[in-house]
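Take a moment to turn the model around before reading on. We'll walk through it one piece at a time.

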Amino acid sequence: MSILVSTDEWLNELRTRLPGISGGQLDLELKATLREFFTESGFWMEEPSPINIVANKDTYKITYPQAKVMGVHRVFVDNLPIALSTTLPKTENPGSGARQAYMLEHDLMQLFPMPSKDIQDGLKTVVRLNPSQSMTKVPSETVSHFFDYVLDGVLGRLYSQPGKPYTNLTQGVYHLRRFRNGISIARDIGRKRYGNATRPWQFPQGWM
Amino acid sequence: MFLLSDLISQSRELLQDEVEPYRYDDERLYRTLNNAFAEAYRLRPDIFVDLDFTIPFVTTANSTDTFPLDQQFYNPFVDYVVSMTEFSDDEWTVDGRAMAFLQLFGRRLGVTA
């Protein structure tokens, strides 16, 4: 679980660069920028608390406190990885346990075949998250690694707005370009999880 | 923190109407202040975010209330009250002075009124 830190550091620096902005507007734009950053980069990944698998129940809601689950990255049943299918798998007779998962919605998972026995803490996932609208904290890596890129995102959005005291279209384009670059870097770091290696090859699961 | 009564008092200073009986009564100045809120909402809706985008409506009974917007936007509202009040009274004022305050209102909000 990531350490969460306050977003106040951004607000303080942004206020010095945006004369005439209201506190409420600044807060909204920072949240919108962080939402775009996490949605497009998929950088924020966490492992929610394990879920008990119940016999003859195949759908499970994936939640994470104070954040929105945007999608599931990996699934483990009884500590073994299972495949995430992009198409609805064929219904099979319950066998030795679930071997595939299919996302009915971004946070609602269906296991295939239907689990036939209870497993305490049997379902573990790695999920992509977004801060909820009321959340005022973000993972500490966002500040330590992407502080300036998020700053660019907020400045780019605000400078691009028409008819405001801080409107500056040229600067808006410049900062948004830097922000897009930051999203690409975050996406790459997120995939490699801070390492330099390419993604490890994994034998295809779920087709046996 | 600025109070609404501060805003009315400061407007009276600029209107040179500080001695009772007033030329412009409080009810009239508060009505003009309500117009200022509506005009500011049209020009800068973003400054009303903290009020959930509702336009304040104030009367003399609210005189001890805090100015409802971000304090940095206090001065433009003084400008507006002075401007519109002076526009209404062509016996005692020059339109140029009223227009100057109206332009100041827009500039201080960061837009051209």
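Let's start with a bit of vocabulary: two strands count as paired if DSSP finds at least two bridges between them. Keep in mind that this is a predicted model. With that said, look for Glu105(A), whose bridge partner in β8(A) is Leu108(A).

That pair belongs to a hairpin: β7(A) and β8(A) form it, with two residues between them. Strand β7 of chain A covers residues 100-105, and five bridges join it to β8(A) in an antiparallel arrangement. Strand β8(A) has another partner too, namely β4 of chain A, residues 59-61. Those two strands also run antiparallel, joined by three bridges. To find this pairing on screen, look for Tyr60(A), which stands opposite Met109(A) in β8(A).

So how much of β8(A) is buried? Four of its five residues, 108-112, are buried, so the strand is largely enclosed by the rest of the structure. For that reasoning, buried means under 20% relative accessible area.

Now follow chain A out of β8. The loop between β8 and β9 (119-131) holds Pro113(A), and a cis peptide bond joins this proline to Phe112(A), with omega at about -15°. Why point that out? Most residues other than glycine have a negative phi, and most peptide bonds are trans.

The phi half of that remark comes up in strand β9 of chain A, where you'll find Asp121(A). Asp121(A) isn't a glycine, yet its phi is positive, about 50°. Its relative accessible area is 38%, so this residue counts as partly exposed.

Asp121(A) also turns up among the neighbours of Ile51(A), a residue in strand β3 (residues 51-53) of chain A. Leaving aside residues up to four places away in sequence, Ile51(A) touches Tyr60(A), Lys61(A), Ile62(A), Ile119(A), Asp121(A), Gly122(A) and Leu123(A). Tyr60(A), then, appears both in this list and opposite Met109(A). For a sense of span, try Ile51(A) and Asp8(A): they are 43 residues apart in sequence, and their C-alpha atoms are 34 Å apart in space.

Over to chain B, where the loop between α1 (4-15) and α2 (26-43) is worth a visit. Pro21(B) lies in this loop, and the peptide bond leading to it from Glu20(B) is cis, with omega near -5°. Gln16(B) lies in the loop between α1 and α2 as well. Gln16(B) has a positive phi of about 55° although it is not a glycine. Is Gln16(B) buried or exposed? Its relative accessibility is 63%, so Gln16(B) counts as exposed.

Finally, let's see where the chains meet. The size of an interface is often given as the accessible area lost when the parts come together. Here the area buried between chain B and chain A is about 750 Å², with carbon and sulfur atoms giving 51% of it. Which three residues supply the most of chain B's share? They are Arg44(B), Asp46(B) and Val49(B), which supply 48% of the area that chain B buries against chain A. In terms of contacts, 11 residues of chain B meet 11 residues of chain A.

Asp46(B) has another part in this picture: it forms a salt bridge with Lys164(A), the closest N and O atoms being 3.6 Å apart. The count between the two chains is one salt bridge, and four residue pairs are in polar contact across the interface. On the side of chain B that touches chain A, the residues divide into five nonpolar, two polar and four charged.

Note on methods:
Residues numbered from 1 in each chain as written. Chains lettered and ligands numbered in written order. Predicted model: local features only at pLDDT ≥ 70, side-chain atom pairs only at ≥ 80, totals over all residues. Heavy atoms only, no water. Contact = heavy atoms within 4.5 Å. Buried area = accessible area lost by both parts, 1.4 Å probe. Salt bridge = Lys/Arg side-chain N within 4 Å of Asp/Glu carboxyl O. Polar contact = N/O pair within 3.5 Å; in protein donor to acceptor, adjacent residues only side chain to side chain. Nonpolar A, V, L, I, M, F, W, Y, C, P; charged D, E, K, R; others polar. Buried < 20%, exposed > 50% of the residue type's maximum accessible area, 1.4 Å probe, protein only.
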